[in-house]
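I opened the notebook to look up two things: pockets and aromatic contacts. The entries follow in the order I worked.

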Amino acid sequence: MVISASLVTWFSGPTLQTAPPIGDWVALTPVLLLGLTALILFVIDSIDPDDASNTPALAGTAAVGTVLALGAAVVLLAAGIGQGQGGALRLYGGQLIVDGMALFFTVIFTSVATLVIVASYDYLADRVYQAEYYMLILLAATGMTLMAAAGSLATVFISLELASLPSYALVAFLKDNRGSVEAGLKYFLIGALSSAIFAYGISLVYGATGRLGLDAIAQQLSGGTQLVGILGVGVLMVAGGFAFKTASVPFHFWAPAAYEGAPAPVSAFLSSASKAAGFVVAFRVFAVAFSPDAVAASVDWTLAFWLLAAVTMTIGNFAAATQDKVKRMLAYSSVGHAGYVLIGLAALNAGQNGLVLGASMIHLLVYGFMNTGAFLFVALAEHWEIGRTFEDYNGLGTQAPIACVAMSVFMFSLAGLPVGGGFMSKYFILVGAVGTGHFVLAALLLINSALSLYYYSRVVRSLWFEDPADSLSIDGYPVGLYAAVIGAAVITFLLLPGIFLASDVATSAASALFA
Amino acid sequence: MVAVQYYLLLSGAIFCIGLFGILTRRNALFFLMSVELMLNAANINLVAFSFQYGNLTGQVFSLFITALAAAEVAVGIGIILVLYRNFGDVDVTKATTLRW
């Protein structure tokens, strides 16, 4: 009933007057394309598993799949599917919701996946199990796009696992490398623990409301509930599950180990796309199902996220400042950025919900490019086998100036200097924090950004101003890695003037959640 | 009919046993078993509340959780296997190539 009612409202546009079942398929095109591409890779590989010459076919198919999914998401977003007056498009009885927010994040996931797959072509050269690698990336991306569209706690949990399980395997992909295996183990152990806590939290929320759909929970809670204690514990446990996925305190311990040990393209994928996926689910669940007023009697989760934001950004940035390995520094900096984005959740219910949540979404978009690019530069360094510490990067600017310019753009943009979109997105978060009266968070954001400039500029200093070691030599300029790094740098830079294009989409998508 | 509070007590106890196991055991396989306990605690809740509310949502979701737990173990056993091959042990504290 819900499907047909919403479809009648929704497919009134001239181009989309199709039969309802087809409409569902159209709205889910990005998800279906990603899943289908993963299966096609499986078929290609099963034809001749031992043939190393089909590597270009595998990488090419994977890249085409993600680019098509990206294109589909952009077209759907531009066509206004699930946005505007009629509200979100609810599919399969509200289990999946396609709206501006889901499509916006689908664009992030597919962009990051494209960059990572293009870069992986060189990174994985001469390695075995390449088909499995690309397939796992695509399956994880499928899970993430489903997370963005999840409309009930059941689909949230299933899509979260679909994104997580391939990630565990990807981190441990280098089976003979102790660091990679250890990273995979730690990621898996903490992931399994947090998903169990998450599942128990869902069961308690179900116990308090008798519903799993996000809208149904909200409806049930608006009438009040007797079981305030159970609901409160359940909400906090669900928040714990999201803290793991977004690498926020207190479930951030896996992030430095996993990002450092994993193959660098996988680190890029996890720290950008997986983090964004955790946030989009958190935004939807907490904004729609557990609106602050409805659960006020049980738990004040805006306060919980306030604390998490403050602690996460401080711990992340201080820990990053003390690292001597670039990849580990980036890992801690990604914890710090999770703290900035959490401000969007902490500042909800202060009357400017669309603005603060929109600011967080824009930051995740920009972060998706600048952080992916930074990790892919590390992948480039690993490809050249020049070492992992800041000192090992000394004088790289003399050898590979173009890549080093790109890396400098990423570093300054991550720090929040106006050479890339990171400046504007951080500014939006700051405006949101000040506008909702969270002056302490705003001050912490500024202090932490100033601190982050110290350790980001250490990289830039190594690249350009230090003398290269005598042994520094790089062999060749891998086309795929270069293309991905430069592409990410160009988009990061273009997002500085182009941010207002994205900010309109993000703010209206975020506002629609509260309509 | 058993009151739903007792199911909640049972599931809470099982969840805590699982959590205790995770915090104290160093063997990765025991860790997996403890996670299974915690997931099944969630299942008990879902089925009990499903009965209480008279809708099937919780029961169906508990089937999904069971299936996902199996998938998680499959991936986990794989990772523990490569752990054993690289470190010669399934002790989670032995793998310390990377600082925490």
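Below are my notes on the pocket, then on the rings.

**Entry 1, the model.** I am working with a predicted model. I keep that in mind for each value below.

**Entry 2, the pocket.** I looked up the largest pocket and found a volume of about 400 Å³. I then asked which residues of the lining are the closest to its centre. They are A:Val74, A:Val107, A:Leu365, A:Leu501 and A:Ala502, out of 16 lining residues.

Next I looked at the helices around this pocket. In chain A, H4 (55-78), H5 (100-123), H15 (353-384) and H20 (479-514) each supply at least two lining residues. Which helix gives the most to the lining? I found H20(A), with seven residues.

I also sorted the lining by character. I noted 14 nonpolar residues and two polar ones. No charged residue lines the pocket.

**Entry 3, aromatic pairs.** I searched the whole structure and got 30 aromatic pairs over all chains. I picked out A:Phe286 and A:Phe305. Their ring centres are 5.0 Å apart and their planes stand at 90°, so I log the pair as edge-to-face; the cut-off for that class is over 60 degrees. This pair links distant parts of the chain: A:Phe286 lies in helix H12 (residues 264-289) of chain A and A:Phe305 in helix H13 (residues 301-321) of chain A, 19 residues apart.

Are these two rings buried or exposed? A:Phe286 has 0% relative accessibility, so I count it as buried. A:Phe305 is at 4% and is buried too. The limit I used for buried is under 20%.

I then turned to A:Tyr455 and A:Tyr456. This aromatic pair is tilted, with 4.7 Å centre to centre and 55° between the planes. A:Tyr455 has a relative accessible area of 0%, so it is buried. A:Tyr456 is also buried, at 0%.

**Entry 4, the cluster.** I followed the ring pairs outward from A:Phe286 and A:Phe305. Both belong to a cluster linked by ring pairs. The other members are A:Phe157, A:Phe198, A:Phe242, A:Phe290, A:Trp301 and B:Phe61. I note that the cluster takes in residues of chain A and a residue of chain B.

**Entry 5, charges over rings.** Last, I looked for arginines over aromatic faces. In chain A, the charged end of A:Arg458 sits over the ring of A:Phe390, 4.0 Å from the ring centre. In chain B, B:Arg25 lies over the face of B:Phe30, and I noted 4.1 Å to the ring centre.

Conventions. Residues numbered from 1 in each chain as written. Chains lettered and ligands numbered in written order. Predicted model: local features only at pLDDT ≥ 70, side-chain atom pairs only at ≥ 80, totals over all residues. Heavy atoms only, no water. 1 Å grid on protein atoms, 1.4 Å probe; cavity = no way out; pocket = protein on both sides within 12 Å on 5 of 7 lines; lining within 4 Å. Points joined across faces, edges and corners; volume = space filled by probe spheres on them. Helix = DSSP H or I, 4+ residues; strand = E, 2+ residues; numbered from the N terminus. Nonpolar A, V, L, I, M, F, W, Y, C, P; charged D, E, K, R; others polar. Phe/Tyr/Trp six-rings, centres within 6.5 Å; stacked < 30°, edge-to-face > 60°. Buried < 20%, exposed > 50% of the residue type's maximum accessible area, 1.4 Å probe, protein only. Lys NZ or Arg CZ within 6 Å of the ring centre and 35° of its normal.
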